Amino acid sequence: MGHPSAGADHPRARTASGLAIALLSGFSFGLAGPFAASLIAVGWSPPAVALARLAGAAVLLAVPLALLLARGWRPRAGHGRAVVVYGLVPLAGAQVCYFSAVGHLSVGVALLIEYTAPVLLLAWTWARTAVRPRPLTLAGAALAVAGLVLVLDVARGAEVDVVGVLWGLGAAVCLAAYFRLSAAAGGAEGPPALVLTAGGAVVGSVVVALLGLVGLLPLTATTAPIDLGGRGAPWWVGVLLVAALSTALAYLTGIAAVGRLGSRLASFVGLSEVLFAVLGAWWLVSQEPTATQVAGGVLVVGAVALIRWAEPPGP
């Protein structure tokens, strides 16, 4: 017979590892902004960075995907649909909506609207199950939004445009879909995380490329050297970092985190992406955070801790 506490320790260990993986995912996602900013500063258009990010991730994941197929894995009914939806919505959709929002709003306001995704998830779960979230969970959601307002520092001259707000809400829906779709990855019915990420990157690349070819998105790129952390680097270094670290690794760890924590908790821990983005921008592109942003970071961390305490780990 096993030790009496072994069964109780397993969920705790799984949750602890899930939190660590979720923070790694947030760190990886958070650096995408500074990496992309270094490319945009030398003449890359944002959609071109998105295309390089998705296509680069697809290439990097081709070898491990081939190894998975060589070991005997075969897709089941419904896997192809899941990959296509994942590529269309959380990958291509989120980026297209976000870039479109930035065309009408300041970057801070657009990102804030996108990161209402965890609140949308709470509302969707509440409407679907008719079970009201615990009061502390609702308080944590409000605290997280308040913290994001401070972290993004959108109060200074933010402009609001109805069309931009609608695009931002579209990005939020895509981000919420990312957490929900990631929850099914690797389960009895869903495809493995590697298949979902690699296949989705291919689908997303094709969609962004087609939108560029028909003129809906500008695809402009240069070979000029970029500036990272005060040091010059070839353009391909920025592309490699945003594709390998901020896409391939970020999505794989994000899916793994959702599998351990559940979509709701993982979505709130994913708010750490904004904090890492602020720190990364400070380090890589010399955008020093203000005292207001630091205060907002404290609120976000407090919100995650509050929700973690109020809500049991997801299945």
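Me: Which residues of α13 are buried, and what makes them count as buried?

Reply: In helix α13, the residues S272, E273, V274, L275, V278, G280, A281 and L284 are buried, which means that each has a relative accessible area under 20% (exposed is over 50%, partly exposed in between, with a 1.4 Å probe and protein chains only). The model is a predicted one, in which local features need pLDDT of at least 70 and side-chain atom pairs count only at pLDDT 80 or more, while totals for chains, interfaces and linings use all residues. Residues are numbered from 1 along each chain as its sequence is written, and side-chain values use heavy atoms, with hydrogens and water left out.

Me: What makes α13 a helix, and how does its span compare with the expected one?

Reply: Helices are DSSP runs of H or I with at least four residues, and strands are runs of E with at least two, numbered from the N terminus; α13 has 13 residues, running from 272 to 284. From its first C-alpha to its last, α13 reaches 18 Å, close to the 18 Å expected, where the expected span is 1.5 Å times one less than the number of residues. Just after α13, S286 takes a positive phi of about 60 degrees. In the whole protein there are 14 helices and two strands, and buried residues make up 45% of the 315 residues.

Me: What makes α11 a kinked helix, and where is the kink centred?

Reply: The bend at a residue is the angle between axes fitted to the seven residues ending there and the seven starting there, and in α11 there is a kink of about 35 degrees centred on A250. Even so, the 27 residues of α11 (235-261) reach 37 Å from first to last C-alpha, close to the 39 Å expected. G262 follows α11 with a positive phi near 90 degrees.

Me: Why is P118 called buried, and with which residues is P118 in contact?

Reply: P118, in helix α7 (residues 117-129), has a relative accessibility of 2%, and therefore counts as buried. Contact means heavy atoms within 4.5 Å; leaving aside neighbours within four places in sequence, P118 is in contact with S267, F268 and L271. The C-alpha atoms of P118 and L271 are separated by 8.6 Å, although the two residues lie 153 residues apart along the chain.

Me: What makes the space lined by P118 a cavity?

Reply: A cavity is a set of points, on a 1 Å grid over the protein atoms alone, where a 1.4 Å probe fits but cannot get out, and lining residues have an atom within 4 Å of a point. The search of the whole structure finds one cavity of 30 Å³ or more. The largest cavity is lined by Y115, T116, P118, V119, A144, V145, L148, F268 and L271. α7 and α8 (135-152) are the elements that give two or more residues to this lining, and the largest share, three residues, comes from α8.

Me: Why do R53 and A130 fall on opposite sides of the burial cut-offs?

Reply: R53, in helix α3 (residues 46-60), has a relative accessible area of 13% and so is buried, whereas A130 has 66% relative accessibility and so counts as exposed. Leaving aside neighbours within four places in sequence, R53 is in contact with F29, A32, Q95, V242, A243, S246 and T247. A130 is found in the loop between α7 and α8, and has a positive phi of about 60 degrees although it is not a glycine.

Note on methods:
On a 1 Å grid over the protein atoms alone, a cavity is a set of points where a 1.4 Å probe fits but cannot get out, and a pocket is an open set with protein on both sides within 12 Å along at least five of seven lines; lining residues have an atom within 4 Å of a point. Grid points are joined across faces, edges and corners, and a volume is the space filled by probe spheres set on the points.
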